[in-house]
Amino acid sequence: MSNTTAPAPDAGKKEKKRSALAQELLVPVLAVVTGLIVGAIVIAVSGENPFVAYGALFAGSFGTPADFIEGFQIYFSTGETRELVKAIYPFTESLVTATPYIFAGLSVALGFRCGLFNIGAEGQFFIGALTSAFVGYSLKGLPMIVHLPLAILGGALGGALWGTIPGYLKARFGAHEVVNTIMMNWIAFKLSDWLLNGPMKASGFRPVTPNIEPSAELPRFFADPLRFNLGFFIALLVAYLVYWFLFKTTLGFEIRSVGANPDAAKYAGMNIVRNFVLVMFLAGGLAGLAGASQVLGVDHWVGQGFSAGYGFDAIALALLGKSHPLGVVLSALLFGFLRSGATDMQSMARIPIDIISIIQGMVIIFIAAPDIIRWLYRVRAVKKEETVLTRGWGK
Amino acid sequence: MKKLYFVMAALIVASLILSACGGGAAGGDAVKVGQVTDLGGIDDKSFNATAYAGVEKAVAELGVEGKYLESTQQADYAKNIQQFLDEDTDLIVTVGFLLGVDTATAAKANPETNFAIVDYAYPDCFGDPSEEGKTCGSTTELSNVLGLTFQIDQAGFLAGYAAAASTQTGKVATFGGINIPPVTAFMVGYEKGVQYYNEQKGAEVEVLGWSTEANDGSFTGNFDSLDDGRSFAESFVQEGADVIMPVAGPVGLGSAAYCQESGSCKIIGVDTDWTVSSAEYTDVILTSVMKNMNVAVYDAIKAQVDGTFKGGVYSGTLANGGVGLADVAGASDELKAELDAVKQGIIDGSIATK
């Protein structure tokens with residue numbers, strides 16, 4: 001970034017903006033690269049070949065060009081789709097995995113913007129999944145145009161309710177949201193155990209809900225086994241809405257102001273209490289949507305062990321994406337591709353799936369401690385306003 | 001900065017080159033076997049691990065190619081099965097009822113591939129008119145799926161007999177993860193075994209934690225809390241029991257730890273021989289009720305190799321070695337002989353275990 005020091009008077013503003021963006025992206029990108037390198041070292045130490053492993057990871061998340069070409073050739077010459085489906089399966093499956101990540105990441109990012117640390121996304125995810133499943137299987141005979149939106153809304157409201165409780169407790173009593181959202185997670189886990197073994201249990205002894213009605217399923221674009229569905233595009237739309245809300249509306253400005261400096265915001269006449277509750281309501285709703293998209297788009301029923309920790313990964317996602325909706329979408333895609341490609345890596349290269357968690361963990365460490373990255377790569381820090389992630393205790 | 005760009009560019013190029021050669025490597029003509037685990041993971045020391053032991057034995061003895069994929073969430077089941085299908089796997093072993101629906105769906109779409117599902121069998125709707133392909137997987141038997149089921153009450157019966165013969169306090173206990181038939185089958189047999197001992201010996205050994213009559217007992221509500229295992233064991237000991245059979249996966253290890261520390265109780269392991277899988281607790285393990293999923297899985301693979309694989313239901317019993325009781329620690333020759341006699345009685349049907 002040597003050109004930052006020589007601002008031309010006229011082109012200066014544009015130039016500055018571009019280099020600021022580059023600066024903004026530099027640390028996350030380097031963190032990911034470094035995470036992958038550390039992962040490679042771990043793979044090598046465990047006696048496997050990291051290049052083979054990452055080759056399989058790549059093939060598993062994007063597919064291989066050779067398969068694409070072969071698939072299309074067979075499709076055009078014979079009309080047989082089998083090979084083509086096989087070729088696009090990895091890529092679409094990565095997008096399927098990324099979908100709940102986008103929603104959950106937005107949830108945590110929105111909280112960060114208001115200075116709230118929403119660790120409760122996992123619980124809100126569970127509740128959202130259960131409420132949308134309930135709407136999905138209990139209402140029968142509705143047309144899709146009514147049923148699907150209702151089921152989605154059900155999931156959002158369930159999560160929103162779960163988020164509002166700690167939000168209200170924070171606003172009304174000053175109870176710290178970190179503690180309360182963690183507690184709400186446990187309540188959600190135990191509640192879902194109970195619901196799956198009791199009121200929401202399908203007939204028979206197994207702790208699973210009944211299947212949702214076909215009218216509540218998010219439409220899939222291809223036949224089985226491809227599970228790519230409308231949820232992904234809804235996620236992108238919602239990401240745009242969150243962006244618009246945060247940066248183009250007065251309310252969004254208020255939320256960011258409260259996040260940046262609550263005392264100043266209060267002095268400026270903004271209602272802090274209302275903003276806390278509102279943000280936790282919306283954040284919970286977003287996490288609830290993550291659960292809903294997973295049930296309505298992919299699983300169609302809920303059983304124990306429904307989530308692989310989307311809500312917790314979402315915290316890492318939001319940090320990696322710098323709490324910006326676009327950043328969140330990009331990080332969610334990265335996580336989705338990593339998670340999805342890991343299946344191939346596990347099968348072809350016999351690397352345990354846990355290596356992905358190690359890579360993710362390393363990325364988070366590097367994001368949380370950017371000085372390590374700056375020191376490693378000799379990148380100078382730029383003086384600028386950092387997004388306030390969360391405030392300390394008692395403020 | 002320039003150096004940095006160079007390093008990154010080199011990495012990208014390297015990854016592209018490598019990914020190009022990552023895909024290939026087709027196997028020979030060995031039979032390919034793939035196991036999809038449920039959420040417990042491959043090293044759960046129970047369910048998944050035992051089933052995989054069967055795969056590993058087949059790899060060693062039959063020369064098949066075996067591998068596994070771990071599921072970390074519900075959505076992984078279908079994905080992992082699909083991965084094996086894409087690799088032209090000949091026999092896919094799925095573990096646990098949660099995979100029931102996805103296994104049936106894949107089996108119908110791929111009639112040339114064989115499947116074996118542990119602890120499940122089609123049709124599985126319990127007389128409930130559920131929709132085809134939904135909650136119960138399939139309402140008809142699938143010709144390319146072998147359901148592996150186990151009459152675990154037979155082995156539980158032997159464990160109950162052994163427990164009753166070993167107790168000093170006259171009270172033996174059991175508890176489960178949740179109140180569902182695959183769990184309670186252990187406990188039903190256990191209680192029956194104790195009652196049989198009482199009848200034969202005129203004893204009055206009492207069973208805590210389960211009553212077949214009431215169809216209820218003690219349940220932790222989960223399969224993962226070692227703390228629950230500890231506290232359940234503690235309260236059973238306070239009630240006077242000195243033998244405990246925890247039917248809740250790793251929860252039982254918490255109970256074993258308590259028994260080891262307090263020296264006041266013995267544990268009966270479940271699913272596998274705990275003196276092997278959890279050797280650190282050998283001194284407090286009385287015996288283990290074994291669900292020999294490895295035997296069942298191995299047999300299924302062998303059938304695949306021999307070309308005799310047939311869909312349907314495999315039922316593991318004492319007779320075919322699908323279920324069994326591990327050696328009872330410190331058993332007298334007399335008790336061993338009695339257990340053998342009881343086992344024969346169960347096999348020939350003269351003793352009822354349910």
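Start with chain B and the second largest pocket: its lining draws at least three residues from each of domain 1 (30-150 + 292-323) and domain 2 (152-290) of that chain. Keep in mind as you click around that this is a predicted model.

**Stop 1: the pocket**

Select Q304(A), L39(B), G40(B), F223(B) and D224(B), which lie nearest the centre of the second largest pocket. In total, 50 residues line this pocket, and about 1,500 Å³ of space lies in it. Next, colour the elements that give two or more residues to the lining: on chain A they are α5 (121-138) and α7 (177-197), and on chain B they are α2 (47-62), α6 (181-201) and β11 (266-271). Which element gives the most to the lining? Pick α7(A), which gives six residues. If you colour the lining by residue type, you'll get 23 nonpolar, 16 polar and eleven charged residues.

**Stop 2: where the chains meet**

Now show both chains and select the residues in contact: 51 from chain A and 44 from chain B. How much area is buried between chain A and chain B? It's about 4,200 Å², and carbon and sulfur atoms give 59% of that. Zoom in on F205(A), R206(A) and W301(A), since no other three residues supply more of the area that chain A buries against chain B; their part is 15%. For the complex, the predictor gives an ipTM of 0.80 and a pTM of 0.81.

**Stop 3: the two domains of chain B**

Hide chain A and give the domains of chain B their own colours: domain 1 is 30-150 + 292-323, and domain 2 is 152-290. Their C-alpha centres lie 28 Å apart. Each of these domains puts ten residues into the contact between them. Here the buried area is about 930 Å², with 55% of it from carbon and sulfur atoms. On the domain 1 side, select K45(B), L318(B) and V323(B): they lose the most area to domain 2, together 47% of what that side buries.

**Stop 4: a stretch to treat with care**

Finally, colour chain B by pLDDT. The mean is 86, and 88% of the residues of chain B reach 70 or more. Then select residues 16-27 of chain B, where the pLDDT is below 50. How many contacts does this stretch have in the model beyond near neighbours in sequence? There are nine. Don't lean on them too much, because predicted coordinates should not be read in detail where pLDDT is low.

Conventions. Residues numbered from 1 in each chain as written. Chains lettered and ligands numbered in written order. Predicted model: local features only at pLDDT ≥ 70, side-chain atom pairs only at ≥ 80, totals over all residues. Heavy atoms only, no water. 1 Å grid on protein atoms, 1.4 Å probe; cavity = no way out; pocket = protein on both sides within 12 Å on 5 of 7 lines; lining within 4 Å. Points joined across faces, edges and corners; volume = space filled by probe spheres on them. Helix = DSSP H or I, 4+ residues; strand = E, 2+ residues; numbered from the N terminus. Nonpolar A, V, L, I, M, F, W, Y, C, P; charged D, E, K, R; others polar. Domains from an automatic or database assignment. pLDDT = per-residue confidence, 0-100. Contact = heavy atoms within 4.5 Å. Buried area = accessible area lost by both parts, 1.4 Å probe.
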